[in-house]
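Please open the model in your viewer and keep the selection tool at hand. We will go from one selection to the next.

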Amino acid sequence: MERTGTERNPEPHGDPARTYSRSLDMLARAPRSVRDLRRRLLLKGETEPDVDATIERLTAAGLLDDAAYARAFVRAKVSSQGFSRRRLQQELAKRGVARDVADAAIVEVLHDDEVDEVANIERAASKKMRTLRGLDEETQRRRLYGYLARRGYAVDDVRAVV
């Protein structure tokens, strides 16, 4: 029978070794949550049973850990970009990290690294104010307020800084 290209391909045959190797390559390039790795492997055409087995194997070996991923993510975003708690929760949720795991990582990192959240919001505000020079005071206040609110800072903290 001649193929016209319109038939559905049969279910691809899995290759667990390839799936595992591909996942190690992905993790070497960047840390990933379980959900993110699963999604990427499936998009690459790996079969679901192979992906499940690979994730189980990586988790058992300690190479895939959402809690460790969340702590590293929080540490990076707080130190480099001054993310607020709310923004960290949103970003981790987008990446498939469970809420309780995300919350525990945020509390742990903010406490262990002695992060001064007030200093973070003041630093973000100061940096943004440099781009608002030349605008009238009311426009500066409005834009600064919106900027800080979008970054997830609490309304009371934003008001105090603005």
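The tour below visits two pairs of packed helices.

This is a predicted model, in which local features need pLDDT of at least 70, side-chain atom pairs count only at pLDDT 80 or more, and totals for chains, interfaces and linings use all residues. Residues are numbered from 1 along each chain as its sequence is written, and side-chain values use heavy atoms, with hydrogens and water left out.

Select first residues 16-29, helix α1, and residues 34-43, helix α2, which pack at an angle of about 125 degrees with their axes 11 Å apart. That angle makes α1 oblique to α2, a word for angles that are not under 35 degrees (roughly parallel), over 145 (roughly antiparallel) or 65 to 115 (roughly perpendicular). Now show the side chains of the contact (heavy atoms within 4.5 Å): α1 brings T19, R22, S23, M26 and L27, while α2 brings L37, R40 and L41. By class, these residues are 4 nonpolar, 2 polar and 2 charged.

Next, move to helix α8, residues 137-150, whose 14 residues should span 20 Å at 1.5 Å a residue, which agrees with the 20 Å between its end C-alpha atoms. Colour T139, Q140, L144, G146, Y147 and L148, the buried residues of α8, where buried means under 20% relative accessible area with a 1.4 Å probe. Their cover includes α7 (117-131) and α9 (155-161).

Finally, add α7 to the view: α7 and α8 pack at about 135 degrees, with their axes 10 Å apart, and are therefore oblique to each other. Here I121, A124, A125, K128 and M129 of α7 meet Q140, L144, Y147 and L148 of α8.

Key: Axes fitted to C-alpha atoms, helices over the stretch in contact; angles between N-to-C directions. Helix = DSSP H or I, 4+ residues; strand = E, 2+ residues; numbered from the N terminus. Nonpolar A, V, L, I, M, F, W, Y, C, P; charged D, E, K, R; others polar. Expected span 1.5 Å × (residues − 1). Buried < 20%, exposed > 50% of the residue type's maximum accessible area, 1.4 Å probe, protein only.
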